[in-house]
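This report describes the fold of one protein chain, first as a whole and then through selected local features. Please keep the sequence and the three-dimensional view at hand while reading.

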Amino acid sequence: MTTVRRAVLTLPAAPLGPDNPLPALRAPAGAGAHAVDARTLAELPRDMARGIGRAPLRSLLPVAVRDGYGRARTPADLDAIVIENDRLRATVLPGLGGRVHSLHHKPTGRELLYRNPVFQPAAFALNGAWFSGGIEWNIGATGHTTLSCSPLHAATVRAPDGGPMLRLWEWERLRDLPFQVDLWLPEDSDFLYVGVRVRNPHERTAPAYWWSNTAVPEERRILVPADAAWHHGWERGLNRLPVPTAEDGTDRSYPLNGVHAADYFYDLPEGRRRWIAALDADGHGLVQTSTDALRGRKLFLWGTGRGGRRWQEWLTEPGTPGYAEVQAGLARTQLEHLELEGGAEFSWLEAYGPLAADPAAALGDDWAAARAEVEAELAAALPRAAVDAAYTAWREGAADAAPEAVLAVGSGWGALEVLRGGYELPGTPFPESTLGPDQEPWRELLRTGVLPPPAKGAGPGVPLVGAPWRDMLETAPADPSTEYHLGIAQWHAGDRAQAVRSWERGLHRAEVRWPLLYCLAVADQEDGHPRRAAERFAEAFADHADRDGSELVAAALGREAVAALLAAGRTGPARELWARLPDEVRGRGAFRLLEVRMLLAEGRTDEARAVFGEGFEVADLREGAEVLGEVWADLTDEPLPEAHEFRTRPH
């Protein structure tokens, strides 16, 4: 019989630490890596070009940046939920985005996924903290979801066959959409079934994005029913290339044949079954298939270059095997977003399981024969009609079923939105009991029309930016805290001039000035006024420091202020501000890098080089970041040390 039970997974883990206390007013770091130039857009299919240009994020609001983690790992117990039948055992981490950490096939003893032996956050999610391995559920916008390291609601539900099913659900805040992921194992099934639904409870149309990303060992061949792929790599273009063989004769279906990190979005013909497989040298491995709504399939590879190998070490335990990702999404590429009409939903079913193919055929040079072999084995193991029937049974008989035993609790933001909007969302309850301190001021605004001020001397609290909340803030009594939050909501809506006016009004009467000064500094920076921005960052830092505030805020403001002062050529004030930072903060890797830049600006090259010699690690280094290489090049013509080599483009 199938069972669903709680468990504990013990791994060497780096603590997540606190969120960044500053509002995330800027667009996601690294967003330019997903850009497509105007010439390329003009040459793409019209619907693809429209999807790429649809609703780009102007900021991360209302989500906070998660950058409080480090690199020191100690054994830690992670809450897990195990779904198990006689054939498969799936281990799910509800507190970490509902990640499927492991999918173990009992008859063969094979692990079907790349299972990371450690939990090491890194700055890959849209809002920072993310970790590699397993199957992750990405909703929101291009990139890894902001829920990568966040808890989801979890409960048992009746599956379509009457057995137990695990439901995960949350309210995704970037796009303001609730979603659910239902996982179950039919009795004697070799396949994990996953029913997914994204709903739009609003009257307005919303941009929608979904990709299910599965990490597999990189020593695999990736097979998919396509003869072409859209390649997105270091040159930031989007080019349609033949699959699997490149012009130089390289077989692109093997991740280890790539030198540089790259995405291959496969161009699957209409009407063909949707699937992707990763097979080892014996023809064994994982296959993922779905109903047709999940249209896209993708391969991501790190490549064999120094930067790609360094990232592999960074994300796991050095000396362990690397990984690639096979992915499935709503659109053809991850650069696109679809339109989800008000009151509508996207829903589909995925299946993950083992596949054993004849290696002579599946790994042979004849691509058509290799695909046909995998397709035939998949049809025998799990017919396409069975997947469609399972979807229908789930959507009509189980997707709306009420949760039974609660296994984990997510955030209170969904409860707040349901309370405000009165939404009926069968299957995914967001009870008021989940409301917490972050939501309480906003419930008071909803109830009384007044946003309560923070405690004396405290920071302003977590923002909300949706149009209904903005309307309430505009009619609420205009104290400094309300002006701060109103400005943030206006900034998110694109009315930046009005946001600045709100912040300036609040500043005139504010006792605690640093939150408003920080917002005005970012506005100056975005408007191309670096000197004024630097002065305001420094003033915000001084206002906080004079109050003997928290080290968390001091570090966040200090990092912004020193960087802004250096960018504005204000080296002296940068050094003075640096001296006011606590010793522990200055010893962190990100601040050691700032120190190198400051020493360079002061002409103290030997001392800057010595900092590199002492060694440091910037824990929240962004994917694709080249700053270490750029700073090193300002120091010397010598090759960049391997420990700092994170560049994934040719250089």
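The accessible surface of the protein chain amounts to about 25000 Å², and carbon and sulfur atoms account for 50% of this area. The model is a predicted one.

**The chain as a whole**

The protein chain has 651 residues, and 57% of them count as buried. Its secondary structure consists of 19 helices and 25 strands. Along the principal axes, the C-alpha atoms fill a box of roughly 70 × 65 × 50 Å. How does the radius of gyration of the chain agree with that of a compact globule? For 651 residues, a compact globule would have a value near 26 Å, and the protein chain has 25 Å, which agrees.

Contacts across the sequence add to this picture. Among contacts between residues at least 6 apart in sequence, 70% join residues at least 24 apart. The chain also carries 69 positive and 92 negative charges, and the mean positions of these two groups are 3 Å apart.

**One helix and its neighbours**

Helix α9 spans residues 467-475, and its buried residues include Trp469, Arg470, Met472 and Leu473. Where do these residues lie around the axis of α9? They cover an arc of only 160°, which means that they are on the same side of the helix. A general rule helps in understanding such an arrangement: an α-helix has 3.6 residues a turn, so residues three or four places apart point the same way. The buried residues of α9 pack against three helices, namely α7 (413-421), α8 (440-448) and α10 (480-492).

**Backbone features in loops**

Two cis peptide bonds and two positive phi angles are listed below.

| Residues | Feature | Angle |
|---|---|---|
| Leu61 and Pro62 | cis peptide bond | omega about 5° |
| Val243 and Pro244 | cis peptide bond | omega about 5° |
| Ala55 | positive phi, not a glycine | phi about 50° |
| Asp188 | positive phi, not a glycine | phi about 65° |

The loop between α2 (46-52) and β2 (74-84) contains Pro62, and Ala55 is found in the loop between α2 and β2 as well. Is Ala55 buried, partly exposed or exposed? Its relative accessibility is 29%, and buried means under 20% whereas exposed means over 50%, so Ala55 counts as partly exposed.

Pro244 belongs to the loop between β17 (239-242) and β18 (262-266). Asp188, in turn, is situated in the loop that lies between β11 (177-184) and β12 (192-199).

How values were computed
Residues numbered from 1 in each chain as written. Predicted model: local features only at pLDDT ≥ 70, side-chain atom pairs only at ≥ 80, totals over all residues. Heavy atoms only, no water. Helix = DSSP H or I, 4+ residues; strand = E, 2+ residues; numbered from the N terminus. Rg over C-alpha atoms; globule rule 2.2 N^0.38 Å. Buried < 20%, exposed > 50% of the residue type's maximum accessible area, 1.4 Å probe, protein only. Contact = heavy atoms within 4.5 Å. Areas by Shrake-Rupley, 256 points an atom, 1.4 Å probe, with all protein chains shown as cover. Lys, Arg positive; Asp, Glu negative; His and termini not counted. Charge placed at Lys NZ, Arg CZ, Asp CG, Glu CD. Arc of directions from axis to C-beta.
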